[in-house]
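Biologist: I am new to this structure, and I would like to understand how its labels are earned. Could you show it to me first?

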Amino acid sequence: MEDDTVEEMYEATTNSIDDLGPGPDSTMFRSEEMVLCQLFVQPEAAYVSMYELGEAGIAQFRDLNPHVNDFQRRYVSEVRRCSEMERKLRWVSGELPEPPPPPKHSPRVLTPREINILEERIDYIESEIQEITRNAQNLKTDYLALIELKLLIEKTQTFFQDHSAHRKISASVQVYNNEGAIGHLGFIAGVVATPRVASFERMLWRISHGNIFFKQAQIDQPLKDPVTGHELQKTVFVVFFHGEQIKLRVKKVCHGFQATLYPCPATYKEQQEMIAGIGSRIKDLEMVLEQTEQHRRLVLANIGRDISTWMVAVRKEKAIYHTLNMFSMDIVKKCLIAECWVPRQDLHILQKALDNGVKASGSPIPSILHHVPTREVPPTFNRTNKFTRGFQTLIDSYGIASYREVNPALYTIITFPFLFAVMFGDMGHGLIITIFAATLVINERNFAKKKTDNEIWNIFFGGRYIMLLMGIFSIYTGLIYNDLFSKSLNVFGSSWKNVYDLDTLTNRSNFDLDPAVAYTQTPYPLGLDPAWQFAANNIIFLNSFKMKLSIIFGVIHMAFGVTLSVVNFNFFKKTELILLQYVPQILFLLLLFWYLCILMFIKWFMYSAIATDPALGTSCAPSVLIIFINMMLLKPAETAPPCRTFMFDGQDAIQKAFLAIAFLCVPVMLFGKPVYQIIAAKKKKQSQQGVESGEIEPSEDDGGLSEVLITQAIHTIEYVLGTVSHTASYLRLWALSLAHAQLSAVLWQRVLRMGLSGGSPVNAIMLYVIFAVWAFFTLAILVLMEGLSAFLHTLRLHWVEFMSKFYDGQGYSFFPFSFSAILENDEEEVPAKPNGRPPE
């Protein structure tokens, strides 16, 4: 009966999954469509199925046992077993003399028998290496003791041969309990750490009340600690004393200061015999130590070839059982139940993994995949590749996109490097960034294999494609600005002619360019004319040009952001917001600030230095900013004849109409959405009451209505004031571009020009030094610091000015069960969001 029930469930749920149909193709336009699935898996088939899902990395599992302690779950013993194996492998890898090679690719899952064999082998390897290490430490301890004893005897020979000591210590010599006795005086010899000698001697003096004779000699060569391998500085000492009571006190002090005592003969002959014996023992011990170290290296070398592969296998098994602990157990049907979020496009991979698990286990009962309808917000998953991953990271750093809303990363691929290049426009500096980024891209496979903890390098390598586009766009804008390390290129020939005589050209470096006299009325084919390089009014011209371009680019960028909100409204079936929110917002933006941009174009086309009408000459060209301010303040302009008050006929009426419509858009933005929601809520309530009883219940939406009004008021004020401030914020494009160009010019004129002036051999030598200084400041200030500044300003323009017009960013990331992610972040816990639910 149970098998028949399971078969019926399998057929029904398989049909329900098939009814979902194939998912849409992957696109960066919005996040993937997610499906909440329920899995019924037989315990014997679960391991293989989870292995394939871990390799695919498509499912984010939810914890169905949130209130169960970690130590009370089904597979806690397996997780502990894997943790113990991982601990042992980490210890073994720490003993390796060099990093192990990368793991070998394993195309199949290990069977339980193979895991048991691996565990036994890891246990044997650990015990073997521990035994080898312990033996080596014992041998090194003995070797250190022999070396210390040899040095002690050599040093004490000088003590006993000292004439002043010989006069104090006379007559016969006897050996007593490994201490020497010279007449009625005894002595103790040993070795103590050099930093403790002063306090050691002082303590001996105190406990004996000055009734000892202390001699010391520092060991010149540093010794090695047998356990840690650190260098040790030690000193040989001999303490002469009188009486057994003082001898006991001296021994206690030596024990307290961790001094090592050695037997030392008092006669020269015995000392020589002991040194000879110690020398032969040292040679034998060195040979044994060398053989032990060779054996240890051989064992570790054999282990090192496979330890990375074993570590990967153990981590995968641990991750599988960790995820299986999230499953709940159906006692009746004797199967594991799991819930997971899966991209709709990858449902066939999930079904295939379940089928392969059943096939590998030989179970007659199939695993069941069932779609669970839910109102819960799914996680956000944007499928990326190595090119788009960096741009998606920039967007996710601001906030994870809400489920299925428009993804700004697609447009950031073009707008981000372009706005960066507007501020960083220089062909030379852009070429440096392009070469650096191209090097990272070309050698990305080799760099990716070299794992490093250097955060700066990881940031540069992760954003290599962003830097590549930034460099290419910077070369393009540098071509438009005609700027190469602050110098201009005369490729097509200047469109300006020389109107100055020879004396003026010789005595002056900057010249005023009067378009009425010197301009040939033929535009330069590409970018700025190189003649502006020598113009005295160069800064005035570039300031006006770049400032107007910044406003134009800014308004277009913001209008595009506002327009993207229409895509969200259509997708989420909120078409009423197109009229109540998008239309007033775009009208407010275009009628005021795009009109300002139109005035700039009109000014460029209408007014000329060679105009026959004096009212259209350069002296009568009005300030666009003043016109805009007068328009906002409804203030008439003051002009003197023959100049006109307005640029074209009917301008005053058009401006007043635009201003009136823009101000009428504000109450629509403020009250449109709340009023619509009130009307829609009343209609919904009336229809429900008419169907049920017809009785009118007291309203409970007053609090919700006030909250909607307050929220909408905040959004309206933010948009109206933000439109003004955001437009002004785009002036940073002009400011940073001007600063970058001026810094480049200062470096050229004040540094490199010094080396290029003069023709003596000394100047030729100085040119190398000056060029190195110029190159250093160019890379450090103009490329690195200015590049970082332009990058941060571009990031702000996207996060605040662009994305605030349409981006909600209230989602949570999709963290699938993936072996690749687990192996990359081996120090972190397996699931980043263990419950698979949206944050509360």
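Modeller: What follows is a talk about salt bridges, burial, a nonpolar patch and a pocket, and the model is a predicted one.

Biologist: What makes the contact of Arg62 with Glu376 a salt bridge?

Modeller: A salt bridge needs a side-chain nitrogen of Lys or Arg within 4 Å of a carboxyl oxygen of Asp or Glu; the closest N and O atoms of Arg62 and Glu376 are 3.1 Å apart, so the pair meets the definition. The two residues sit in distant parts of the chain, 314 residues apart, with Arg62 in the loop between β2 and α3 and Glu376 in the loop between β13 and α11.

Biologist: Why is Arg62 called buried, and why does Glu376 count as partly exposed?

Modeller: Buried means under 20% relative accessible area, and Arg62 has 5%, so Arg62 is buried. Glu376 has 21% relative accessibility, which falls between the 20% limit and the 50% above which a residue is exposed, and therefore Glu376 counts as partly exposed.

Biologist: How do you know that Arg644 and Asp613 form a salt bridge, and what does the pair tie together?

Modeller: Their N to O distance is 3.2 Å, and the cut-off is 4 Å, so the pair qualifies. Arg644 lies in the loop between α21 and α22 while Asp613 lies in the loop between α20 and α21, so the pair ties together parts that are 31 residues apart in sequence. Arg644, with a relative accessible area of 42%, is partly exposed, and so is Asp613 at 28%.

Biologist: What makes Ile629 fit for a nonpolar surface patch?

Modeller: A patch residue needs over 30% relative accessible area, and Ile629 has 36%, so Ile629 passes that limit while being partly exposed. The patch, of about 560 Å², is made by Leu625, Ile626, Ile629, Met632, Leu633 and Phe663, and its largest share, five residues, comes from helix α21.

Biologist: Which class of residue dominates by count in the lining of the second largest pocket?

Modeller: The lining has 24 nonpolar residues, beside eight polar and four charged ones. About 1500 Å³ of space lies in this second largest pocket, and of the 36 residues that line the pocket, the closest to its centre are Leu528, Trp532, Phe541, Phe545 and Trp604. Helix α19 gives the largest share of the lining, seven residues, while α12, α16 and α20 are among the helices that each supply at least two.

How values were computed
Residues numbered from 1 in each chain as written. Predicted model: local features only at pLDDT ≥ 70, side-chain atom pairs only at ≥ 80, totals over all residues. Heavy atoms only, no water. 1 Å grid on protein atoms, 1.4 Å probe; cavity = no way out; pocket = protein on both sides within 12 Å on 5 of 7 lines; lining within 4 Å. Points joined across faces, edges and corners; volume = space filled by probe spheres on them. Helix = DSSP H or I, 4+ residues; strand = E, 2+ residues; numbered from the N terminus. Nonpolar A, V, L, I, M, F, W, Y, C, P; charged D, E, K, R; others polar. Patch = residues over 30% accessible without salt bridge, like charges linked within 9 Å, V, L, I, M, F, W, Y side chains within 5 Å. Areas by Shrake-Rupley, 256 points an atom, 1.4 Å probe, with all protein chains shown as cover. Buried < 20%, exposed > 50% of the residue type's maximum accessible area, 1.4 Å probe, protein only.
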